[in-house]
Amino acid sequence: MNFTGAHILSISQFQRQDVDQIFSVADRMEPYALRKRVTRVLEGAILGNMFFEASTRTRVSFGSAFNLLGGEVRETAGFESSALVKGESLQDTARVLSGFSDVICMRHPQEGSVADFAAASRVPVMNGGDGANEHPTQALLDLYTIARELKAKGRNIDGLRIAMIGDLRHGRTVHSLGKLLSLYDNVQVTLVSPKELALPEAIVENMRSAGVEVSISDELNNSIANVDIVYSTRIQEERFTSKEEADLYRGKFRLNQAIYTQYCEPNTVIMHPLPRDSRSDANELDSDLDNNPNLAIFRQTDNGLLVRMALFALVLDVVDKVDEYSHEVRWYNSRQN
Ligand code: NCD
């Protein structure tokens, strides 16, 4: 695909070679993310970061990625502080904000809302999560992490075996990741959820017709026995009609070190899009896994910066200028030792 000026709305817009291109640009962003060098390539550019739903890492990751390329960030968070509470349409908001920004990142609780917004925007729009639909940049950073973890073991994404666990019905990260895995060969996916929270049938069908071997289970222990990656997710409480309904499913699939040791192959990589629900009635990934070197959750968030920097550089067409407008860091860098 031609990235220049493109909206990033859904995984469906990518071919495998596009993903390869994003990942190779992401690799080149590492010196900047690690503060070995500073680039000013996006000096003067403004990111409109619009998050109308709870977010910590996605919002700050998009903003930091833009800052790391030398751009400025303007942010609005929550409906209450925006004119949407005065009845303004998303389209009008898009027409206005695209006059202030060079690119816009948006999260919104309604499925399809980011695409509607993009249709009225004069600048590229990136989907930071539209309701229970998709979260394409998360899937890209997840797959980038998978690729790096497997590469360290002399493997690549083809032949991957992964268990995706939790609220697969409402979890937009697994919707996007499922679609993304369909681009690769000999992938085996085990879907582990309560029956009521199964991955939407249309996504399962698409994966199967693309050649992914999909198996379905509502039991954790045996499902994590023969996989390279355990991808755990949070019960998406905000998508249920009541907290009581979400409570029915909370804590059903808890992974801790004892279960990991008993059932997983050695060196199985543990992932989660975060936030992990660490309250005692949920505890999807117990804190006793924190010293397990195969826990990749904070490598995922670090990798998210690289992938989002790559997307900005591609969409704003500066990939080949990033190094040209760079210099060494002047401050003490606690990451280098
Ligand atoms: C996810 C999301 O918002 O969809 N978080 C994230 O962006 N990393 C997952 C979640 O909230 O459970």
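Here is a short chat about a predicted model of a protein.

Colleague: I'm new to this one. How many helices and strands are there in the protein?

Modeller: Keep in mind that this is a predicted model. Both kinds of element occur in the protein, and the count is twelve helices and eleven strands.

Colleague: What radius of gyration does the protein have, and what would a compact globule have?

Modeller: The chain has 337 residues, and a compact globule with that many would come out near 20 Å. The C-alpha atoms fill a box of roughly 55 × 50 × 40 Å along the principal axes. The radius agrees with the globule value, because the protein has 20 Å.

Colleague: What share of the residues is buried?

Modeller: A residue counts as buried when its relative accessible area is under 20%. On the outside, the protein exposes about 14800 Å², with carbon and sulfur atoms supplying 47% of that. Of the 337 residues, the buried share is 55%.

Colleague: How far apart are the mean positions of the positive and negative charges?

Modeller: The protein carries 36 positive and 46 negative charges. Take the mean position of each set, and the two points are apart by 4 Å.

Colleague: Which domains does the assignment give, and how far apart are their C-alpha centres?

Modeller: Domain 1 comes in two pieces, 11–134 and 303–336, while domain 2 covers 136–298. Where they meet, the contact takes 30 residues from domain 1 and 25 residues from domain 2. The C-alpha centres of domain 1 and domain 2 are separated by 25 Å.

Colleague: Is helix H7 enclosed or open, and why?

Modeller: H7 runs over residues 172–181. Among its buried residues are Arg172, His175, Gly178 and Leu181. Nine of its ten residues are buried, so H7 is largely enclosed by the rest of the structure.

Colleague: Now Arg254: is this residue buried, partly exposed or exposed?

Modeller: Arg254 lies in the loop between helix H10 (243–247) and helix H11 (257–263). Partly exposed means between the 20% and 50% cut-offs. Arg254 has a relative accessible area of 33%, so the answer is partly exposed.

Colleague: Which residues does Arg254 touch, leaving out those up to four places away in sequence?

Modeller: Asn221 is 33 residues away from Arg254 along the chain, and their C-alpha atoms are 9.7 Å apart. Contact here means heavy atoms within 4.5 Å. With residues up to four places away left out, Arg254 touches Leu220, Ile259, Ser280, Asp281, Ala282, Asn283 and Glu284.

Technical notes: Residues are numbered from 1 along each chain as its sequence is written. This is a predicted model: local features need pLDDT of at least 70, side-chain atom pairs count only at pLDDT 80 or more; totals for chains, interfaces and linings use all residues. Side-chain values use heavy atoms; hydrogens and water are left out. Helices (H or I, at least four residues) and strands (E, at least two) are DSSP runs, numbered from the N terminus. The radius of gyration is taken over C-alpha atoms; the globule rule is 2.2 Å times the number of residues to the power 0.38. Buried means under 20% relative accessible area, exposed over 50%, partly exposed in between (1.4 Å probe, protein chains only). Accessible areas come from the Shrake-Rupley method with a 1.4 Å probe; for residues, only the protein chains shown count as cover. Lys and Arg count as positive and Asp and Glu as negative; His and the chain ends are not counted. The place of a charge is taken as NZ of Lys, CZ of Arg, CG of Asp or CD of Glu. Domain bounds come from an automatic or database domain assignment.
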